[in-house]
Every structure is written in structure tokens, then in C-alpha cells.
Amino acid sequence: MPRSRSRGSRWPAPRAGTLQLTCPAPTVTPGCCFELTLDGAWEELPAPTPHRTPAAAATDHALTVARNITANYLAIDTAAATARINTVLGRPSDVPGLPVRLCWATAHLTAEPGAQQAALTQQRLAHEQEQHRAEQQRRLSEARALRDTLMSDPSLALSYWFAAAPHTIDTDTLARLEELFSTAAAYAPHGQWAPLARLLHAFADNLTDDVKNHLIDTLATLTDRYGRPDITVAIRALHAPGTEQT
């Protein structure tokens with residue numbers, strides 16, 4: 001029912017009042033809350049259809065602003081969160097869509113010791129995760145550098161194989177390697193992998209089946225890992241008896 005107008009005035013005198021409450025407010029730490037105390041004042045704005053409970057509207061507005069701010073702070077950051085709330089609520093602000101104005105509000109925040117300890121633990125875990133992420137990024141960069149090196153110098157792949165299986169080295173190894181590297185240089189002066197499968201086929205002819213398969217599997221794994229599945233297929237084809245690489 002519309003409010004009656006005061007005699008001699010277009011609108012009745014606006015209502016005004018204060019707000020005061022204490023309630024939990026969220027933190028960025030899961031399961032932990034601040035204790036929020038709000039004090040403030042509000043006033044009604046002239047409107048054809050006044051709000052039935054302007055005090056509730058002003059309180060809801062102040063709580064929404066305060067809680068949106070605290071949700072971005074750790075439970076140990078009571079001073080910073082309080083300062084931010086009071087900065088925003090320290091000036092008049094109209095409640096969106098309603099004829100109510102929050103004249104001002106001030107906040108006071110506290111946190112239980114358990115919540116503060118949980119926040120410290122969260123900070124520590126976040127720091128450890130960041131260190132872990134940085135270490136993973138460093139290893140990825142090293143792997144990419146290794147890939148680029150292997151793609152430019154196939155002889156390193158053979159060095160890797162011999163390092164992984166030193167028992168396969170015999171008195172003829174050095175001579176076979178020198179012949180292989182010389183041929184590789186002629187076939188791939190710019191470090192291309194394309195002719196490597198054929199060269200390995202010739203190199204592996206005098207090896208035992210076990211050693212030959214170890215060499216093939218190791219190099220196939222390397223080429224697949226570093227972005228050349230086409231070469232992987234060509235190398236693995238050496239497992240097939242009588243396969244010739246062109």
C-alpha cells in the first residue's frame with residue numbers, strides 16, 4: 001500500500017537508521033572464515049514505491065561488498081582486508097536498483113588461530129607448488145634443448161645408447177662408429193634424421209639380435225619423444241626381417 005504524503009510535501013520524510021552486526025565472512029583459505037563486525041548508517045531515497053525494509057537492503061549491500069572483498073584474502077591478512085573494505089564502504093553508495101543509500105560503513109575483522117595456521121599452510125603449499133612448476137618448466141626446457149641437439153647431431157643418440165648399454169661395446173665398435181659417422185656426415189651434413197634409419201640398418205648388421213633390437217628400440221623411443229613419429233616408424237621397421245631402407 002503506498003505511503004501517505006505529508007501535508008505540504010510531495011514525498012514523506014525519508015527514513016534513516018543505523019546498522020550493526022557480526023557474522024562470518026569467507027576467506028581464500030577453504031573452510032576458514034573471518035569474523036566480520038559491521039557498523040554503518042543508511043537512508044531512504046524518495047521513490048514512488050518505497051522499499052519495505054530499507055535497513056535490510058542497506059545491510060545486505062554492505063555485507064555483499066565486504067564478503068566479496070574478504071573472499072580474496074588469506075585469514076592472516078586481516079589488516080589488509082579491513083583496510084580495503086573500509087576504503088570502499090567509507091563513502092555513500094546507493095543500493096543497486098533500490099531507493100536506499102548506504103551512507104557509510106566500517107568493518108572490523110578477526111580470525112581464529114586455527115584459521116591463521118591454515119592460511120600459513122596454504123601459503124607454504126602454494127610456494128612449493130610454484131617451485132615444482134618452475135622445476136618442471138626447467139626440465140621441459142632442457143628436454144627441448146636436448147631434442148634440438150639430437151636432431152642436429154644423430155651421433156649423440158648412439159652415444160646415449162652406448163651409455164645405457166656399455167656391455168655392447170666390443171673391439172670393433174670404434175671402427176664401426178667412425179664409419180657410421182663419416183657416412184652420416186655425407187648423407188646428412190645439416191643434421192637431418194631422414195637417412196639415419198638406413199645407416200643404422202647397415203651399422204647393426206654385425207650385432208647380435210638382442211643388441212640390435214635394443215639399439216632400434218632406444219632410437220625409436222628418442223625420435224618419437226622428440227617429435228618425429230615418422231622416423232620412429234622407419235626405425236621400428238628394422239625389426240621386420242629383410243626390410244630395406246631407401
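**Helix packing, a hairpin and two nonpolar cores**

In this predicted model, the axes of helix H7 (residues 209-225) and helix H8 (residues 229-236) come within 7 Å and cross at roughly 170 degrees. An angle over 145 degrees counts as roughly antiparallel, and H7 is therefore roughly antiparallel to H8. On the H7 side, the contact is made by Ile216, Asp217, Leu219, Ala220, Thr221, Thr223 and Asp224. Helix H8 contributes Pro229, Ile231, Thr232, Ile235 and Arg236. By character, the residues of this contact between H7 and H8 divide into six nonpolar, three polar and three charged.

Attention now turns to the strands. E1 and E2 pair in the antiparallel sense, and 11 bridges link them. The two strands form a hairpin, with six residues between them. In the turn of this hairpin sits Gly31, with a positive phi of about 80 degrees. Across the pair, Leu21 stands opposite Leu38 of E2.

Leu38 also leads into the interior of the model, as one of the residues with the most contacts inside the largest nonpolar core. This core has 25 residues, and the others with the most contacts inside it are Leu36, Ala58, Ile85, Leu89, Leu102 and Leu109. Both helices and strands take part: strand E1 (16-26), strand E2 (33-44), helix H1 (54-70), helix H2 (78-89) and strand E4 (100-110) each give two or more residues to the core. The largest share comes from H1, which supplies seven residues.

Leu109 gives a closer view of these surroundings. Setting aside neighbours within four places in sequence, Leu109 is in contact with Phe34, Glu35 and Leu36, as well as with Thr70. The list of its contacts is completed by Thr78, Ala81, Thr82 and Ile85. A second, separate core has 10 residues, including Leu215, Ala220, Leu222 and Ile235. Two of these names are familiar from the helix pair, where Ala220 of H7 and Ile235 of H8 belong to the contact.

One further residue, Asn86, rounds off the picture. Asn86 is found in helix H2, and its relative accessible area is 25%, so the residue is partly exposed. When residues up to four places away in sequence are not counted, Asn86 touches Ala105, Thr106 and Ala107. For Asn86 and Ala107, the separation in sequence is 21 residues, while their C-alpha atoms are 6.2 Å apart in space.

How values were computed: Residues are numbered from 1 along each chain as its sequence is written. This is a predicted model: local features need pLDDT of at least 70, side-chain atom pairs count only at pLDDT 80 or more; totals for chains, interfaces and linings use all residues. Side-chain values use heavy atoms; hydrogens and water are left out. A nonpolar core is a set of buried Ala, Val, Leu, Ile, Met, Phe, Trp, Tyr and Cys residues joined through side-chain atoms within 4.5 Å. Buried means under 20% relative accessible area, exposed over 50%, partly exposed in between (1.4 Å probe, protein chains only). Helices (H or I, at least four residues) and strands (E, at least two) are DSSP runs, numbered from the N terminus. Contact means heavy atoms within 4.5 Å. Axes are lines fitted to C-alpha atoms, for helices over the stretch in contact, and angles run from 0 to 180 degrees between N-to-C directions. Angles under 35 degrees count as roughly parallel, over 145 as roughly antiparallel, 65 to 115 as roughly perpendicular and the rest as oblique. Ala, Val, Leu, Ile, Met, Phe, Trp, Tyr, Cys and Pro count as nonpolar, Asp, Glu, Lys and Arg as charged, and the others, Gly among them, as polar. Two strands pair if DSSP finds at least two bridges between them.
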